[in-house]
Amino acid sequence: MEEHRAGEHVFRHRGAELVYEDRGRGPLAVYAHGGFAGRAAEDRTGLFDWDPVVRAGRRLIRYDARAHGRSTGAPVDADYTYPALADDLLALLDHLDADGPAGAMGSSMGCGTVLHAAVRAPDRFSRLVLLLPPTAWTTREAYARANRRAADTVEREGAAAWLAARARGPRPPAASGVPDVPPTPGERVLPSVLRGLALSDLPPPEELARLRLPALVLAWADDPGHPLSTAGTVARALGADLRVARSRAEVRDWGRIVADHLTGTGR
């Protein structure tokens, strides 16, 4: 693994080195990014602004998921299912040894990670922020098939062929103008990441309904991979506030909305 950069920390879990950054002081808030991204890749898109969370008096932890960004990982499909990634998140909380439960934020794959972790260990969390819930339950199988085909394409033709096909897909209006960034998992492990996500689903709505945690759901419109039908079901199950962005400017305001929710000042 490369030498760690200033402000980076590492912990080891289940054979991987997981890299995270630690900013600010106060109650803990941890963020899990979306699939194929990572901290640096997400920052390059300019999509999310997490500074308001730090300014609101939170200790913000952002980490690179297994095999993403600067974290390591093996080509093992089962390592990249939502329950396995939730295990990594809970291990990170153990490593941080923070006082009290943490606020948890997760985007797309990270949303699945956070929900599985919360269902398994609800006492570890104080509040949830679920960004871009991924397609789930009745709409999940089409996504799973596409991911399995993508894994086969990467193995047969290389990652570039998959990326070219992916770039031709439509974008939601709220992501208009966001620059493309290549996937951060290396080509050796990328098929396993794809297949692990194909094996994943969100916890059933009846399990979510048993959680008693203040929650906020942030979604955007016109994205088949993150449909409003899933976001609405998640929000109803959790009794959560649902906000839908229809422009990039509205997404840029999510940092403030998240900070308000984590501090209990939002409506």
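A cavity here is a set of grid points where a 1.4 Å probe fits but cannot get out, and its lining residues have an atom within 4 Å of a point. The model shown in every view is predicted.

**View 1. The largest cavity and its lining.** A search of the whole structure finds one cavity of 30 Å³ or more. The volume of the largest cavity is about 40 Å³. Its lining consists of A32, H33, Y63, A65, L85, D88, M109, G110 and T113. Two elements, α3 and α4 (109–120), each give two or more residues to this lining. Helix α4 contributes the most, with three residues.

**View 2. Helix α3, residues 82–96.** The C-alpha atoms at the two ends of α3 lie 21 Å apart. That agrees with expectation, because 15 residues at 1.5 Å a residue should span 21 Å. Helix α3 is mostly covered, with 11 of its 15 residues buried. The buried residues are Y82, A84, L85, A86, D88, L89, L90, A91, L92, L93 and L96. Two of the α3 residues in this view, L85 and D88, also line the largest cavity. Just after the helix comes D97, with a positive phi of about 50°.

**View 3. Strand β3 between its partners.** Strand β3 covers residues 28–32, and five of the five are buried, so the rest of the structure largely encloses the strand. L28, V30 and A32 point one way from β3, while A29 and Y31 point the other way. Strand β4 (residues 59–63) pairs with β3 in the parallel sense, over five bridges. Within that pairing, V30 has I61 as its bridge partner. Strand β5 (residues 102–107) also runs parallel to β3, and four bridges join them. Here Y31 stands opposite M105 of β5. At the end of β3, A32 takes part in the lining of the largest cavity.

**View 4. Aromatic rings around W50.** The whole structure holds six aromatic pairs. One of them joins Y31 and W50: the pair is tilted, 4.6 Å centre to centre, with 45° between the planes. This pair links distant parts of the chain, 19 residues apart. Y31 sits in strand β3, and W50 lies in the loop between α1 (39–45) and α2 (51–55). Y31 has 1% relative accessibility, so Y31 counts as buried. W50 is buried too, with a relative accessible area of 4%. W50 also pairs with F48, again tilted, at 5.7 Å centre to centre and 50° between the planes. F48 is buried, as is W50. Ring pairs connect Y31, F48, W50, W220 and W254 into a cluster.

**View 5. T230 and its contacts.** T230 belongs to helix α9, residues 228–238. Buried means under 20% relative accessible area. T230 therefore counts as buried, at 1% relative accessibility. Neighbours within four places in sequence are left aside in this view. The remaining contacts of T230 are P133, P134, T135, A136, W137, T139 and L202.

Note on methods. Residues numbered from 1 in each chain as written. Predicted model: local features only at pLDDT ≥ 70, side-chain atom pairs only at ≥ 80, totals over all residues. Heavy atoms only, no water. Expected span 1.5 Å × (residues − 1). Buried < 20%, exposed > 50% of the residue type's maximum accessible area, 1.4 Å probe, protein only. Pairing = 2+ DSSP bridges. Contact = heavy atoms within 4.5 Å. Phe/Tyr/Trp six-rings, centres within 6.5 Å; stacked < 30°, edge-to-face > 60°. 1 Å grid on protein atoms, 1.4 Å probe; cavity = no way out; pocket = protein on both sides within 12 Å on 5 of 7 lines; lining within 4 Å. Points joined across faces, edges and corners; volume = space filled by probe spheres on them.
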